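Reader: Please take one residue as a starting point and give me a close reading of its surroundings, then set it in the wider model, with the cut-offs behind each term.

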Amino acid sequence: MAYSIEQLKNVIGENDGLALGNLFRVILPAQEQARNLDLLCRSTNMPGRSILTNERLIGVTKHTVAYGYEKPNVTMVFTVLNRPFVRTFFEEWMNLVVDNKTYQLGYYNEYTRNVNIQQLAKLHTPEEFTKKSSPADPKATTSAGKSDVSKEYKVVYNCLLEDAYPVSMTGPSYSDQPDQLVEISVDFVYKNWREVKTSTEGVVANSARVGQQNALSNSAPPALPGGGG
């Protein structure tokens, strides 16, 4: 049967609207500039899962049976500033895995940390559905006395990457193009992923190799306006 546009609108309305790709937040292992790193993440992806299968012949019937699963890497892209703390942070983290000077391999529990990727949504109030033009800017709108750019958000899906760590860092790349932003791309592997109802889970750094691990010691993640985190 054919579905009407009203049915589609009802489904969207009953489920708090459409998800927007630019409403997300990452929570990296907290350090002195953790909030800045989180803010500078330009893009990422939620992890997926692929079931591994084999074909099995039972009598004359062929069955496809599962024997495991694999997890693709998660990639995050960060804007680079003139102070190189973004790249330095990931260099130090990767040095915990394989030291760049001594080539010493780290212990798994020394360099793995939990990482959160969150899908966000705007917090709507009944007043927000009645928008009025701003006297200062007729093209701008205000909702319940607040500008659209200052809306509060809530976490609608919180994905925890368990025991994650970076395995590759690409960039930055440079060219003679004017006003081109510099970015780095970081690939993460992880033991597993799962949905959690809170964003405050973390791992405390091991006491060994203190100098580098202090950069990864966890503190409370940055809070979202409205208490959604």
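**A closer look at D163**

Author: D163 is found in strand β10, where helices (H or I, at least four residues) and strands (E, at least two) are DSSP runs, numbered from the N terminus. The model is predicted, so local features need a pLDDT of at least 70 and side-chain atom pairs count only at pLDDT 80 or more, while totals for chains, interfaces and linings use all residues. Residues are numbered from 1 along each chain as its sequence is written, and side-chain values use heavy atoms, with hydrogens and water left out.

Although D163 is not a glycine, its phi is positive, at about 50°. D163 is also buried, with a relative accessible area of 17%; buried means under 20%, exposed over 50%, and partly exposed in between, with a 1.4 Å probe and protein chains only. D179, in the loop between β10 and β11, likewise has a positive phi, near 60°, in a residue other than glycine, but D179 is exposed, with a relative accessible area of 80%.

Setting aside residues up to four places away in sequence, T112 touches D163, A164 and Y165, a contact being heavy atoms within 4.5 Å. T112 is found in the loop between α4 (108-111) and β6 (113-122), and T112 is buried, at 4% relative accessible area. The side chain of T112 reaches the backbone oxygen of Y108 at 2.9 Å.

Strand β10 also takes part in the interior. The largest nonpolar core has 28 residues, and L28, M76, F78, V86, F90, W93 and L161 have the most contacts inside it; such a core is a set of buried Ala, Val, Leu, Ile, Met, Phe, Trp, Tyr and Cys residues joined through side-chain atoms within 4.5 Å. The elements that give two or more residues to this core are β5 (74-79), α3 (85-97), β6, β10 (153-170) and β11 (183-189), and α3 gives the most, with 7 residues. Beyond four places in sequence, the residues that L28 touches include M76, F78, F90, V115 and F188.

Confidence varies along the protein, as pLDDT (the predictor's confidence in each residue, from 0 to 100) shows. The average is 74, and 71% of the residues score at least 70. Among the elements, strand β8 (residues 141-143) has the lowest mean pLDDT, 34, and β11 the highest, 94. Over residues 126-150 the pLDDT is below 50, and it stays under 50 over residues 199-229. Where pLDDT is low, the predicted coordinates should not be read in detail.

Terms used
Polar contact = N/O pair within 3.5 Å; in protein donor to acceptor, adjacent residues only side chain to side chain.
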